[in-house]
Amino acid sequence: MARRITIQKGITPAAVADTTAFTSGQAFAFWRGGSATQYTRFWEISLSGLAASTSSPTPMVFADDSTISVGALTFAAGGGDSYMDPFTAALAAPLNVGNIAATTFPQRDTANHKMQCGLNAFGGVYFWRGNRAEECPALYGTAVSLGDMSLSSFTGGTPGLISGHVIYETS
Amino acid sequence: MFSKRELEGYVLIDHRNSPGVSHEQAQRGLVAVPGGTMLESPTFLCSRCQKTIILNPDRSRSRGYCRKCDHDICDGCSLMLKLNHECSLDTCYHIKRITYT
């Protein structure tokens, strides 16, 4: 078991429709399995609004991706991914995490939206935590709609500046 | 003694110091929590579609339930179950976990 945390210090997510390719820095993050049989559970999602002065309904969606990202994933400034426990053994094939894809960006699936994580970025807070392993959304392998997930803004709102973290565990 | 409530997750959407999200603004990705209010509620994972469902504290209707996997399911999957689409190896998350892990 290796519990890790993905963070964003401040990002204004771009509104992107389903089955539309993201571009650099538009999403909070993408997660892609490190191997064909790797299993990862998402334990916690926390988002805090940082918008300074204007009401900013920010429709965040945690969803499977129907197009898998290709190439190394990295973060735009402000994003990062790290272990939670410094004594965690390094995974042989760690999850690929980032919001910039070297070759092909993922596309959010239309059907498999796993969680609504929206908030008003002007003063709002969103927090979710799973209580049991079998109750956590999971990512398996590297196949379409199973092995690539994203946390991003859906269309229809006026996304504002947010910060946050996502805790996940690979087994 | 085991209680199904042990399975519940927790969600907090705090708009006490925010204009919030009105019922008119609520849409995919946005739950209606108006300004000056807060939603604190349990969640569960639908065993069929694996979506995380926020339990509406004001709901009085019963929830869908799959006897095969002994788990609550969401309204959409509850309808499918009534139309004889039972949980199976291809759909039930809990059965998948036993198979794949």
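These legends walk through several close-ups of a predicted two-chain model, chain A with chain B.

Residues are numbered from 1 along each chain as its sequence is written, while chains are lettered from A and ligands numbered from 1 in the order in which they are written. Since this is a predicted model, local features need pLDDT of at least 70 and side-chain atom pairs count only at pLDDT 80 or more, whereas totals for chains, interfaces and linings use all residues.

**View 1. Chain A, an all-strand chain by its element count: zero helices and 15 strands.** Helices (H or I, at least four residues) and strands (E, at least two) are DSSP runs, numbered from the N terminus. The C-alpha atoms of chain A fit a box of roughly 45 × 30 × 30 Å along the principal axes. A compact globule of 171 residues would have a radius of gyration near 16 Å, and chain A, at 15 Å, agrees with that. That radius is taken over C-alpha atoms, and the globule rule is 2.2 Å times the number of residues to the power 0.38. Of the 171 residues in chain A, 50% count as buried. Here, buried means 20 or more other C-beta atoms within 10 Å of a residue's own, exposed means 12 or fewer, and partly exposed is in between, with C-beta atoms placed from the backbone. Take the contacts in chain A with a separation of 6 or more: 90% of them join residues 24 or more positions apart. A contact is a pair of residues whose C-beta atoms, placed from the backbone, lie within 7 Å.

**View 2. The side of chain A that touches chain B.** Here 32 residues of chain A meet 31 residues of chain B. On chain A, β3 (39–49), β5 (60–67), β10 (107–116), β11 (119–120) and β12 (125–129) each put in at least two residues. The largest share, five residues, is from β12(A). By type, this side of chain A splits into 15 nonpolar, 12 polar and five charged residues. For that tally, Ala, Val, Leu, Ile, Met, Phe, Trp, Tyr, Cys and Pro are nonpolar, Asp, Glu, Lys and Arg are charged, and the others, Gly among them, are polar. As for the predictor's own scores, the complex gets an ipTM of 0.93 and a pTM of 0.92.

**View 3. β12(A), with a strand partner in each chain.** Across the interface, β12(A) pairs with β1 (residues 9–15) of chain B, antiparallel, over five bridges. Within chain A, β12(A) is joined to β3(A), also antiparallel, by five bridges. Strands pair if DSSP finds at least two bridges between them. Follow A:R129 to see both links: B:Y10 is its bridge partner in β1(B), and A:E44 is bridged to A:R129 as well. A:W128 stands opposite B:V11 in β1(B).

**View 4. A:F122, in the loop between β11 and β12 of chain A.** Is A:F122 buried or exposed? A:F122 is buried, because 24 other C-beta atoms lie within 10 Å. Leaving out residues up to four places away in sequence, A:F122 touches A:G49, A:A51, A:T54, A:S55, A:S56 and A:G160, plus B:S18 and B:P19 from chain B.

**View 5. The largest nonpolar core, with 45 residues.** A nonpolar core is a set of buried Ala, Val, Leu, Ile, Met, Phe, Trp, Tyr and Cys residues joined through C-beta atoms within 7 Å. Those with the most contacts inside this core are A:A29, A:W31, A:I45, A:L47, A:F62, A:C117 and A:L151. Beyond four places in sequence, the residues touching A:L151 include A:A27, A:F28, A:M60 and A:V166. Another core, of eight residues, lies apart from it and includes B:I53, B:C66, B:C74 and B:C77.

**View 6. B:C77, in helix α1 (residues 75–82) of chain B.** With 22 other C-beta atoms within 10 Å, B:C77 is buried. Beyond four places in sequence, B:C77 touches B:C46, B:R48, B:C49 and B:G64.

**View 7. Chain B as a whole, two helices and seven strands.** From the N terminus on, the order is β-β-β-β-β-β-β-α-α. Buried residues make up 30% of its 101 residues. Chain B averages a pLDDT (the predictor's confidence in each residue, from 0 to 100) of 84, with 84% of the residues at 70 or above. Among the elements of chain B, β1(B) has the highest mean, 97, and helix α2 (residues 93–100) the lowest, 52. Where pLDDT is low, the predicted coordinates should not be read in detail.

Note on methods
Contact = placed C-beta atoms within 7 Å.
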